[in-house]
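Hi everyone, thanks for coming. Let me put the structure up on the screen, and then we can walk through a few places together.

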Amino acid sequence: MSDSSASDPKRELLRHCVATLAYRGGKAARGAPEGFAMFQANQGVRTPGQILTHIGDLMDWGLSMANGKSEWHDSKPLLWEKEVMRFFAALKKFDDFLASSEPMQAPPEKLFQGPIADALTHVGQIALLRRLAGDPVKGENYYKADIVTGRVGVDQAKPKLEF
């Protein structure tokens, strides 16, 4: 489907999107108060822990499609810190594949419009739930953020311009 070269511009853009998820997701998750994973904004609304679990499932699904399969799993939420580590591990696996010379078996546009765009939406939900739970995440000029392709782990750059 896509050039197997790691220098394929579409793959590189997907990698930057994954790095953006790591930066923004890490910011939304970092320093969450005790009990935040179970915060219930309203009846029928997913908790932050359920949302973060879903994001991990989305990244696993995206990787499976890139590998030519479409395997979906509804994972059971872990404790918050373990779920945060699972989030970063799933991002790393996806990024490692995108950085490899393995041929992509799904169109990059579909990987973006499906799992990656959905995950970005859910990161925003977690940030909103932090505000509703009384522990808001500072706003930031993300255009100025030091988001680097391949930096998909828990260690992210410090914000450059928060407000």
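So, in which helix is Thr-53 found? Thr-53 sits in helix H2. Please keep in mind as we go that this is a predicted model.

Is Thr-53 buried or exposed? The relative accessibility of Thr-53 is 2%, and the cut-off for buried is under 20%, so Thr-53 counts as buried. Setting aside neighbours within four places in sequence, Thr-53 is in contact with Ser-75, Lys-76, Pro-77, Leu-78, Glu-83 and Arg-86.

Let's step back to the helix itself. H2 runs over residues 48-66. That is 19 residues, reaching 27 Å from the first C-alpha to the last, close to the 27 Å expected at 1.5 Å a residue. H2 is also mostly covered, with 16 of its 19 residues buried. After H2 comes Gly-68, which has a positive phi, near 95°.

Now for the partner helix, H3, at residues 80-99. How far apart are the axes of H2 and H3? They are 9 Å apart, and the two helices pack at an angle of about 20°. Angles under 35 degrees count as roughly parallel, so that is what we call H2 and H3. Their crossing is left-handed. On the H2 side, the residues that meet H3 include Leu-52, Thr-53, Ile-55 and Gly-56. On the H3 side, those that meet H2 include Glu-83, Arg-86, Phe-87 and Ala-90. Glu-83 and Arg-86 are names you just heard, as contacts of Thr-53.

Next, the loop between H2 and H3, which is where you will find Trp-72. Trp-72 has a relative accessible area of 34%; that falls between the 20% and 50% cut-offs, so Trp-72 is partly exposed. Not counting residues up to four places away in sequence, Trp-72 touches His-54, Asp-57, Leu-58 and Trp-61. There is also a polar contact of 3.0 Å between the side chains of Trp-72 and Asp-74. As for Ala-99, it is 27 residues from Trp-72 in sequence, and their C-alpha atoms are 23 Å apart in space.

One last stop: Gly-25, in helix H1. With a relative accessibility of 8%, Gly-25 counts as buried. Leaving out neighbours within four places, Gly-25 is in contact with Thr-20, Phe-87 and Val-123. We met Phe-87 earlier, among the H3 residues that meet H2. Gly-25 and Ala-127 are 102 residues apart along the chain, yet 8.6 Å separates their C-alpha atoms.

That's my tour, and I'm happy to go back to any of these spots.

Notes: Residues are numbered from 1 along each chain as its sequence is written. This is a predicted model: local features need pLDDT of at least 70, side-chain atom pairs count only at pLDDT 80 or more; totals for chains, interfaces and linings use all residues. Side-chain values use heavy atoms; hydrogens and water are left out. Helices (H or I, at least four residues) and strands (E, at least two) are DSSP runs, numbered from the N terminus. Buried means under 20% relative accessible area, exposed over 50%, partly exposed in between (1.4 Å probe, protein chains only). Contact means heavy atoms within 4.5 Å. A polar contact is a pair of N or O atoms within 3.5 Å; within protein, one must be able to donate a hydrogen and the other to accept it, and residues adjacent in sequence count only if both atoms are side-chain atoms. The expected span of a helix is 1.5 Å times one less than its number of residues. Axes are lines fitted to C-alpha atoms, for helices over the stretch in contact, and angles run from 0 to 180 degrees between N-to-C directions. Angles under 35 degrees count as roughly parallel, over 145 as roughly antiparallel, 65 to 115 as roughly perpendicular and the rest as oblique. A crossing is left-handed if the near helix is turned anticlockwise from the far one by less than a right angle, and right-handed if clockwise.
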